[in-house]
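Biologist: Could you walk me through this chain before I go back to the bench? I would like the overall picture, then some detail.
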Amino acid sequence: MLIMTTIDDLPPEGIPYITDKIMDSGAKNVHIINALTKKGRMEYIVLVDFEEEYFDDISSLLALEFGTIGMKIFKHEHKRFPYELIEKKVLINIKDSSLESVAKIKYLFSDDNKLISLKAEYEDLKLLAKELNQKGFDISFSKLKTIIEAEAYKNPIDSESILISL
């Protein structure tokens, strides 16, 4: 299910707190979007994706936290692609130094098992970027992500490691 509601009287600093509460109540995902409404008023559009069993808890929470007097409810079908989350050893050679770490790569497949795309997991990239920066190697998060994902595309899915030379 998907609930959509709008709010126009919440200070922005309350949004992360309420988003966490919504996720803790069973939501799969929460999106809060800035919008401009009638008469130039600022508002937020809140979209919450969840399983039907959580409807009462989530709708009550939205009413409590946002003071909303109504919400739109959408029943939808979710198309999920098959994927595999594979942990890879990442070996990085930089000048005369090297670093070994791990990164999980999510491989996304079509229904006929062809690779559609892949993504390196955020938390693993974050740790690796911090390790590199602590060793004195300044590399941006986005550049590191691009390099690791490009190398993951080159390597077969069943290979155990990714080798990077910077």
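Modeller: What follows goes from the overall fold to the cores and then to a single residue. This is a predicted model, in which local features need pLDDT of at least 70, side-chain atom pairs count only at pLDDT 80 or more, and totals for chains, interfaces and linings use all residues. Residues are numbered from 1 along each chain as its sequence is written, and side-chain values use heavy atoms, with hydrogens and water left out.

Biologist: OK, how many helices and strands does the chain have?
Modeller: The chain has four helices and eight strands, where helices (H or I, at least four residues) and strands (E, at least two) are DSSP runs numbered from the N terminus. Along the sequence their order is β-α-β-β-α-β-β-β-β-α-α-β.

Biologist: And is the chain spread out or compact?
Modeller: The radius of gyration is 21 Å, well over the 15 Å that the globule rule gives for 166 residues, so the chain is more spread out than a compact globule. That radius is taken over C-alpha atoms, and the rule is 2.2 Å times the number of residues to the power 0.38. Along its principal axes, the C-alpha trace spans about 60 × 40 × 30 Å.

Biologist: How much of it is buried?
Modeller: Of the 166 residues, 34% count as buried, meaning under 20% relative accessible area, with exposed over 50% and partly exposed in between (1.4 Å probe, protein chains only).

Biologist: Which residues sit at the heart of the largest nonpolar core?
Modeller: That core has 23 residues, and Ile92, Ile105, Leu128, Leu132, Leu144 and Ile148 touch the most other members. A nonpolar core here is a set of buried Ala, Val, Leu, Ile, Met, Phe, Trp, Tyr and Cys residues joined through side-chain atoms within 4.5 Å. Among the elements that give two or more residues to this core are strand S5 (83–94), helix H3 (122–134) and helix H4 (141–154), while S6 gives the most, with five residues. There is also a second, separate core of 17 residues, which includes Leu10, Val48, Ile58 and Leu62.

Biologist: What does Ile105 touch, then?
Modeller: Leaving aside neighbours within four places in sequence, the contacts of Ile105 (heavy atoms within 4.5 Å) include Leu85, Ile86, Leu118, Ile148 and Ile162.

Biologist: Switching topic, where is His31?
Modeller: His31 lies in strand S2 (residues 27–36), and at 43% relative accessibility it counts as partly exposed. Apart from neighbours within four places in sequence, His31 is in contact with Ile45, Val46 and Leu47.
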